[in-house]
Amino acid sequence: TFVAGLMCGWCLGALAVADFIHSHLLPFSLAEDPKFLKILQIAKSLGAYKPPNRPSIGGKYLDALHLINWREQMKTLLSEATTFGITIFGDGASIKSIPLLNVLAAGVNNSFALLAIADCTDHLAKGGKKDARYIAKICTPLIKQIETEVLDVNGKKSPGVIDLVFFDGASNVQNAGQILKAYNRRITVGHGAEHVVSLFFSDVYTKVPEFKRLSNFAKKVRNIFGSVRHSPSAMFKKYSRAHNNGVYIGFIKPSECRMAGEHIALLRLLRLKNALRATITSKEFLDLRVFHTVTSVLNDPTFWKWLFVMCRALYAPMRVLRLADQKTPAMDKLFYYVSQTDRMLPKYLKDVEERSASLLSEATLNAIDTSTFSAGVSDDDSDGSDTDDDDNEEPGSDDAESVESNDSVTDIGDDNVQ
């Protein structure tokens, strides 16, 4: 009866949409996507409609979409550009061994305009290098294209609106910026703050033993409760939902392509404290009789206090990094945040040094260092299915010092450490 009721015209259309989404493993939310609904609306008004074939999708229609989007982003990018100027920024990347260089632009009304993604394969295959001259050669035509873009029917253009260039600290891109500056004396070359902070976190988690120790332990915990250990992972998911209003919040796996990934993983571990402790004290987990060393650390209240003070020590530089993560202009706050970091970082690092000796016993430190499980399982064995989309929350409070005197991690809100 249910199937027979679905044979009406509207239901057949819904079934076709559902079959398309399910068969291609697409997200269910695609059925509510405005662009998908626009396809259905236009197709409905056309009557007899012949969809485009594969070559035309990747050919003339792709070119048409590029042209339409280019004109739209140029309209917003160049809006008020003669008053406020335009910034060019970019970086190199390797995706599946393909050497790429992306170039973007930002203006007061468009903070993220993609200009080009250059494939450097042919240049490198001929013995070339991604040096300053080659990078400047890619950027120069794009600058000319922006400055000669016709804004209206009167042929109005925007010469000289590029006045700022940002790259990371690598010598080749910084020198490329200097070449662009020689081409246009209005250009100022800057060093991207986000990359500087990322290098800072990278140094901390590769050169400071205490942070390396914490990060390694966090990976062990994630492997047990959020990766390939099926029974503990299933138990943890149950208690994670119980402690987060029915929503599963899992671990975060550090990634080289994510800035401060090691620190973000520790912040998530701190947030999962209650769910973890509920898991390891449950009857079903105790019946497994496994991972005693790891659970002894997780059951130790002083470990969580130590984790908190270690995370709080890097609260200020984390806030600087978050300025770049948000999709709103934040350059005006950068100087203030850096000044606050200069003030807070020494203070909380000193606090960590004073508290560490009293918070962690030799037994706990040894347990952190020697906690192991069956051979053959490492941090790289994860199938990547334990991630979630809840790791970019806006902090509810900017005042890290408000928790300075609170030694109880249980009472510390998650907002104070993100």
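**Close-up 1. Helices α3 (34-46), α4 (54-57) and α5 (60-77) each supply at least two residues of the lining of the second largest pocket.** In this predicted model, the second largest pocket has a volume of about 880 Å³, and its lining is made up of 18 residues. Among these elements, α3 contributes the largest share of the lining, with six residues. The lining residues that lie nearest the centre of the pocket are Ile39, Tyr49, Pro52, Ile57 and Leu65. Sorted by class, the lining of the second largest pocket consists of 12 nonpolar residues, together with three polar and three charged ones.

**Close-up 2. The second largest cavity is lined by residues that include members of helices α11 (209-225) and α13 (261-271).** The predicted structure holds two cavities of 30 Å³ or more, and the second largest of them, shown here, encloses about 50 Å³ of space. Its lining is formed by Ala218, Lys219, Arg222, Phe251, Ile252, Pro254, Ala265 and Leu269. The elements that give two or more residues to this lining are α11 and α13, and the largest share, three residues, comes from α11. By class, the lining of the second largest cavity has six nonpolar and two charged residues, whereas polar residues are absent from it.

**Close-up 3. Helix α12 (residues 230-242) packs against helix α14 (residues 273-280).** The two helices of the predicted model meet at an angle of about 125°, and their axes are 9 Å apart. Because of this angle, α12 is classed as oblique to α14. The crossing of α12 and α14 is right-handed. On the α12 side, the contact is made by Pro232, Met235, Phe236, Tyr239 and Ser240, while α14 brings Ala275, Leu276, Ala278 and Thr279 to the contact. The residues of this contact divide into seven nonpolar and two polar ones, and none of them is charged.

**Close-up 4. The second largest pocket and the second largest cavity are set side by side here by the class of their lining residues.** For the pocket, the lining comprises 12 nonpolar, three polar and three charged residues, and α3 is the element that provides the largest share of it. For the cavity, the lining comprises six nonpolar and two charged residues with no polar ones, and the largest share is provided by α11.

How values were computed. Residues are numbered from 1 along each chain as its sequence is written. This is a predicted model: local features need pLDDT of at least 70, side-chain atom pairs count only at pLDDT 80 or more; totals for chains, interfaces and linings use all residues. Side-chain values use heavy atoms; hydrogens and water are left out. Axes are lines fitted to C-alpha atoms, for helices over the stretch in contact, and angles run from 0 to 180 degrees between N-to-C directions. Helices (H or I, at least four residues) and strands (E, at least two) are DSSP runs, numbered from the N terminus. Angles under 35 degrees count as roughly parallel, over 145 as roughly antiparallel, 65 to 115 as roughly perpendicular and the rest as oblique. A crossing is left-handed if the near helix is turned anticlockwise from the far one by less than a right angle, and right-handed if clockwise. Contact means heavy atoms within 4.5 Å. Ala, Val, Leu, Ile, Met, Phe, Trp, Tyr, Cys and Pro count as nonpolar, Asp, Glu, Lys and Arg as charged, and the others, Gly among them, as polar. On a 1 Å grid over the protein atoms alone, a cavity is a set of points where a 1.4 Å probe fits but cannot get out, and a pocket is an open set with protein on both sides within 12 Å along at least five of seven lines; lining residues have an atom within 4 Å of a point. Grid points are joined across faces, edges and corners, and a volume is the space filled by probe spheres set on the points.
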